[in-house]
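Work through these short exercises with the structure in view. Try each task before reading its solution.

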Amino acid sequence: MLLHDTKIIFGRYVRQTLRSKFQILFGVLMPLLYLLFFGPLLTGLPLGPSGDSWQILVPGLLLQLGLFGASFAGFALIIDKSTGVVERMRVTPVSRLALLLGRVLRDALLFMFQAVLLVLAALLMGLRAPLPGVLIGFAFVGLLTLSLASLSYALAMKVSTPQGFGPLINAVTMPAMLLSGLMLPMSLGPGWLDVLSHLTPFRYLVDAVRDAYVGSYATAHMLYGVLVALGFAALAVTVGTRVFKKAGA
C-alpha cells in the first residue's frame with residue numbers, strides 16, 4: 001500500500017510540475033547565472049590542489065541548486081494547506097508517509113533534471129569531468145534534495161503563512177551556503193573559518209563531489225561525504241515522517 005500510495009501522490013505532483021514549464025526552468029536560473037557570469041572570473045586561478053576552476057565551481061553550483069530549491073519546497077505545502085488540499089487528503093486512507101515521499105521524490109526528480117541542464121551548460125563553458133564523477137554528483141544532489149525537502153515540508157506543517165516560513169529558511173540556507181564553500185573552497189580562507197565550516201554537513205558533500213569531478217573516488221572526502229549524505233537523509237525523512245503522522249496529513 002505504501003508503494004501504491006506513493007506512486008499516486010508522486011504522479012499527481014509530477015503532472016502538476018509538467019504543467020508549469022516556468023517552474024522547471026526557473027529553478028536552474030540562478031546557478032546558470034553564476035556559471036555564466038562568475039565562472040569566467042575564476043578561469044586559470046589555482047583554487048585547489050587538483051582540478052581546474054570549473055571542476056571546483058560546478059560541484060558547488062549543483063549542491064546550491066539542491067540547497068535552495070529543496071529548502072523552499074515547503075512553500076507549495078503551505079499553499080495546499082491554505083486552499084484546503086491538505087484537509088481533503090486527511091480524510092482519505094492514503095499512507096501519511098506516502099504523502100511525504102510522493103512530494104520529495106517529485107522534488108528529487110525535478111532537481112536532478114535541472115542538474116543535468118546545469119552540467120550540459122557547464123560542458124559548453126569548458127568543464128571537463130569523468131562520467132562516473134558526474135553521475136556521483138547527481139546522486140549527491142538527489143540525496144540532498146531528499147533530505148532538505150523532507151525537512152522543508154515538516155517545517156511547512158508547523159508554519160501557517162509564507163511570511164513566517166521564508167525568513168526561517170533564509171536564516172538557515174544563507175549561513176549554510178557561506179560556510180559550506182559552495183562558491184570557493186573554504187581552504188582558501190583563514191584557518192578559523194575552515195574549521196567552522198566543518199560543523200555544517202554540506203561542507204562534506206561539496207568536498208566529496210569535487211573529488212569525484214577530478215576522478216578521485218577512494219578518498220576520505222568521498223567516504224565522509226557518503227556517510228553524511230546518507231545519515232542526513234535518514235534523519236530528515238524520519239523527522240518529516242513523524243511530523244506528517246502527528247499532524248494527520
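**Exercise 1. Overall fold**

Task: Count the helices and strands in the protein.

Solution: The model is a predicted one. The protein has 13 helices and zero strands. Along the sequence, the pattern therefore reads α-α-α-α-α-α-α-α-α-α-α-α-α.

**Exercise 2. Overall dimensions**

Task: Decide how the radius of gyration of the protein agrees with that of a compact globule.

Solution: Start with the chain, which has 249 residues. A compact globule with 249 residues would have a radius of gyration near 18 Å. The protein has 18 Å, so the value agrees. Next, take the box along the principal axes: the C-alpha atoms fill roughly 60 × 35 × 35 Å. Finally, turn to burial: 48% of the 249 residues are buried.

**Exercise 3. Helix H5**

Task: Describe the length, the cover and the start of helix H5.

Solution: Helix H5 covers residues 53-71, which is 19 residues. From its first C-alpha to its last, H5 reaches 27 Å. At 1.5 Å a residue, 27 Å is expected, and the span of H5 is close to that. Now the cover: 17 of the 19 residues of H5 are buried, and the helix is mostly covered. Last, look at the start of H5. There, a side-chain oxygen of aspartate 52 comes to within 3.1 Å of the backbone nitrogen of tryptophan 54.

**Exercise 4. A nonpolar patch**

Task: Find which residues make the nonpolar surface patch, and which helix gives the largest share.

Solution: The patch is made by Phe22, Phe26, Leu29, Met30, Leu33, Leu36 and Phe37. Its area is about 740 Å². Two elements give two or more residues to this patch: helix H2 (21-26) and helix H3 (29-37). H3 provides the largest share, with five residues.

Now take one member of the patch, Phe37. Is phenylalanine 37 buried or exposed? This residue lies in helix H3. Its relative accessibility is 61%. The cut-off for exposed is over 50%, so phenylalanine 37 counts as exposed.

**Exercise 5. Aspartate 80**

Task: Place aspartate 80 in its helix, judge its burial and name its side-chain partner.

Solution: Aspartate 80 is found in helix H6, residues 74-82. Its relative accessible area is 9%. Buried means under 20%, so aspartate 80 is buried. The partner is tyrosine 13: its side chain makes a polar contact with the side chain of aspartate 80, at 3.0 Å.

Methods. Residues numbered from 1 in each chain as written. Predicted model: local features only at pLDDT ≥ 70, side-chain atom pairs only at ≥ 80, totals over all residues. Heavy atoms only, no water. Patch = residues over 30% accessible without salt bridge, like charges linked within 9 Å, V, L, I, M, F, W, Y side chains within 5 Å. Areas by Shrake-Rupley, 256 points an atom, 1.4 Å probe, with all protein chains shown as cover. Salt bridge = Lys/Arg side-chain N within 4 Å of Asp/Glu carboxyl O. Helix = DSSP H or I, 4+ residues; strand = E, 2+ residues; numbered from the N terminus. Buried < 20%, exposed > 50% of the residue type's maximum accessible area, 1.4 Å probe, protein only. Expected span 1.5 Å × (residues − 1). Polar contact = N/O pair within 3.5 Å; in protein donor to acceptor, adjacent residues only side chain to side chain. Rg over C-alpha atoms; globule rule 2.2 N^0.38 Å.
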